[in-house]
Each structure stands twice: as C-alpha cells, then as structure tokens.
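Student: I'd like a close look at a single part of this protein before I plan my reading. Could you pick one contact, start there, and then walk me through its surroundings?

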Amino acid sequence: MSLPSLTDTTALIRHRRSIKPVDMDAARPVDAPLLTELIENATWAPNHGLTEPWHFHVFSEAARQGLADNLRRIYQQTTPASEFREDKLKKMGDNPLLAPVIIACVMQRNGGAKIPEQEELEAISCALQNLMLSATAAGLGSFWSSPPLLDTAEFQTWLGIRPEDRCVGLIYLGWPRTGLNWPRSVRQPVETKISWHHD
Ligand SMILES: Cc1cc2nc3c(=O)[nH]c(=O)nc-3n(C[C@H](O)[C@H](O)[C@H](O)COP(=O)(O)O)c2cc1C
C-alpha cells in the first residue's frame, strides 16, 4: 500500500471547506458503499481505551423529510421565545432536503468511570474530521451543523439515544452543485499559534 505524500495530505486538508447544503446537488445520491467507507474511516480515529464512542444515524431519501419535520417541531418546542428566530426555523426544515445525506453523529458514552466524557467528545471530533476529509477526497462537500436543540431531551428521544449520549452534530454530505465556486477560508499565520520550547 502506498501512502499519500505529505504534499497530497496537506492539499487535502487545506482543500476541505464547509459546503452549505444550499450548495449541494440534492438530486444526486451518494451510494451506500461510499458512505460506509467514509464512516469506517471515521472509526479509525484515535480513541482512548478503544471505547469507540460513536454511532452514526444516516438519513437519506424520504427519511430526510422526517428529520426536517422533527427539527422544526423540536426547535419550536424547545427554543425560548427570546431566542426564537423564524429564519432558523425555516433552515431547520429546508436544509435536510437540500442535501442528499445527513448523518446525525452521536458520541456514545462507552468509557464508564475510566474514560472522561471530555475524551470521548474529543475522540468523536477526530472521527468527524476523518469523515469530512475522506468526503473531500471523494469529491463530496460536507457541512457540520450543531444547533443547540441537538442537546435537548426531545431530540435525544426522537433519535433514540440515551441521556448520557450526545449528538454532537449533523453532518450534511452532498456533491457540490455545478458551477459552485469553492469557498475560501482563512487562518491566522501559524507562527502566532506556536511557542517553541528548546531548552
Ligand atoms: C464542532 C463544530 C460545530 C459547528 N457548527 C456549525 C454550525 O452550527 N453552523 C455553521 O454554520 N457552521 C458550523 N461549523 C462549521 C464552522 O463554521 C466552519 O468549520 C468554519 O467556519 C471554518 O470554515 P471551514 O470549515 O470551511 O474551514 C461547526 C464546526 C465545528 C468544528
């Protein structure tokens, strides 16, 4: 097996961008074998104690409507009046239908008393980066969405997860729409992020 060069790896990492659902081709499906490979790559993330603290709920085709309906319902039921926004409610209903696939990514609390929750959250974050980089390599756009309602009991009940588990994000996946200008992003110069300690 030949490994990708550092140059290729750097190019992949820097090419990944958040691609919004509105910029995906909703009509072009993503095959189950490809989705399975992306999720399997996610599971190769580092995880303390090999607790594999993750589970992936994949919504496609007609199931997206159920997700959209329930996101809207739970947003309406759980958002305090002072924070409620019509545009957010609309997005909850629209976004799942704009992408061909949405993966509700759950941190499954497997570590018991031995592994802190924080470390299982860190592990699933690594897993989701694996997933999004793999998606990028396959030519797919990806978008990590984390509306606060994911942490409500209403959403957990609907998804069928335990109170100690946490849905850390909805990852939208889809082929970028024709003619999309790949988004740009910025990072601060790396020198500002490093303190070298030599002696
Ligand atoms: C934990 C996490 C949660 C995120 N949640 C949201 C979100 O709810 N809405 C959103 O627009 N972007 C969300 N993002 C995506 C970031 O906004 C995005 O990564 C950032 O703007 C940098 O752009 P890039 O991904 O193209 O480099 C999230 C990213 C992470 C890591």
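Tutor: Happy to. Let's begin with a pair of side chains: Thr 51 and Glu 120 are joined by a polar contact of 2.5 Å. Please keep in mind that this is a predicted model.

Thr 51 sits in the loop between α2 and β1. Is Thr 51 buried or exposed? With a relative accessibility of 15%, Thr 51 counts as buried, because the cut-off for that class is under 20%. Leaving out residues up to four places away in sequence, Thr 51 touches Asn 110, Gly 111, Ile 115 and Glu 120. Glu 120 therefore appears twice in the picture, as a residue that Thr 51 touches and as its partner in the polar contact.

Now look at other residues of that loop. Leu 50 also belongs to the loop between α2 (32-42) and β1 (54-60), but Leu 50 is exposed, with a relative accessible area of 65%. Its backbone deserves a glance too: phi of Leu 50 is positive, about 50 degrees, although the residue is not a glycine. Asn 47 is another residue in the loop between α2 and β1, and Asn 47 is buried, at 12% relative accessible area. Setting aside neighbours within four places in sequence, Asn 47 is in contact with Glu 52, Pro 53, Trp 54 and Ala 123. This loop thus holds buried Thr 51, buried Asn 47 and exposed Leu 50.

If you follow the chain past β1, you come to Glu 61, in the loop between β1 and α3. Glu 61 is a residue other than glycine with a positive phi, near 50 degrees. Glu 61 is exposed, with a relative accessible area of 65%. On the other side of α2, Asp 31 lies in the loop between α1 (6-15) and α2, and Asp 31 is exposed as well, at 53%. The C-alpha atoms of Asp 31 and Val 101 are 9.9 Å apart in space, while the two residues are 70 apart in sequence.

From the loops we can turn to a helix. Leu 89 is found in helix α4 and is buried, with a relative accessible area of 4%. Apart from residues up to four places away in sequence, Leu 89 touches Arg 72, Tyr 75, Gln 76 and Phe 84. The C-alpha atoms of Leu 89 and Leu 71 are separated by 8.3 Å, with their positions 18 residues apart along the chain.

Helix α4 also leads us to the largest pocket, since α4 gives the most to its lining, with seven residues. The volume of this pocket is about 600 Å³. Its lining has 26 residues, and those nearest the centre are Lys 88, Lys 91, Met 92, Ser 145 and Pro 147. Elements giving two or more residues to the lining are α3 (63-78), α4 (86-98), β3 (141-145) and β4 (166-174). By class, the lining is made of 13 nonpolar, six polar and seven charged residues.

Strand β3 brings in Phe 143, which has its place there. Phe 143 is buried, with a relative accessible area of 18%. Not counting residues up to four places away in sequence, Phe 143 touches Ser 18, Ile 19, Lys 20, Pro 21, Met 24, Leu 170, Ile 171 and Tyr 172. By contrast, Phe 143 and Val 106 are 37 residues apart along the chain, and their C-alpha atoms are separated by 16 Å.

Phe 143 is also one of the residues around the ligand, together with Arg 16, Arg 17, Ser 18, Trp 144, Ser 145, Ser 146, Ser 185 and Arg 187. Ser 145, listed around the ligand, is also among the residues nearest the centre of the largest pocket. Which side chains come within a few ångströms of ligand atoms through an N or O atom? Ser 18 has a side-chain N or O atom 2.6 Å from an oxygen atom of the ligand. For Ser 146, the matching distance to a nitrogen atom of the ligand is 2.7 Å. An N or O atom in the side chain of Arg 187 is 2.8 Å from a ligand oxygen atom.

Notes. Residues are numbered from 1 along each chain as its sequence is written. This is a predicted model: local features need pLDDT of at least 70, side-chain atom pairs count only at pLDDT 80 or more; totals for chains, interfaces and linings use all residues. Side-chain values use heavy atoms; hydrogens and water are left out. On a 1 Å grid over the protein atoms alone, a cavity is a set of points where a 1.4 Å probe fits but cannot get out, and a pocket is an open set with protein on both sides within 12 Å along at least five of seven lines; lining residues have an atom within 4 Å of a point. Grid points are joined across faces, edges and corners, and a volume is the space filled by probe spheres set on the points. Helices (H or I, at least four residues) and strands (E, at least two) are DSSP runs, numbered from the N terminus. Ala, Val, Leu, Ile, Met, Phe, Trp, Tyr, Cys and Pro count as nonpolar, Asp, Glu, Lys and Arg as charged, and the others, Gly among them, as polar. Buried means under 20% relative accessible area, exposed over 50%, partly exposed in between (1.4 Å probe, protein chains only). Contact means heavy atoms within 4.5 Å. A residue is near a molecule or strand if one of its heavy atoms lies within 4 Å of it. A polar contact is a pair of N or O atoms within 3.5 Å; within protein, one must be able to donate a hydrogen and the other to accept it, and residues adjacent in sequence count only if both atoms are side-chain atoms.
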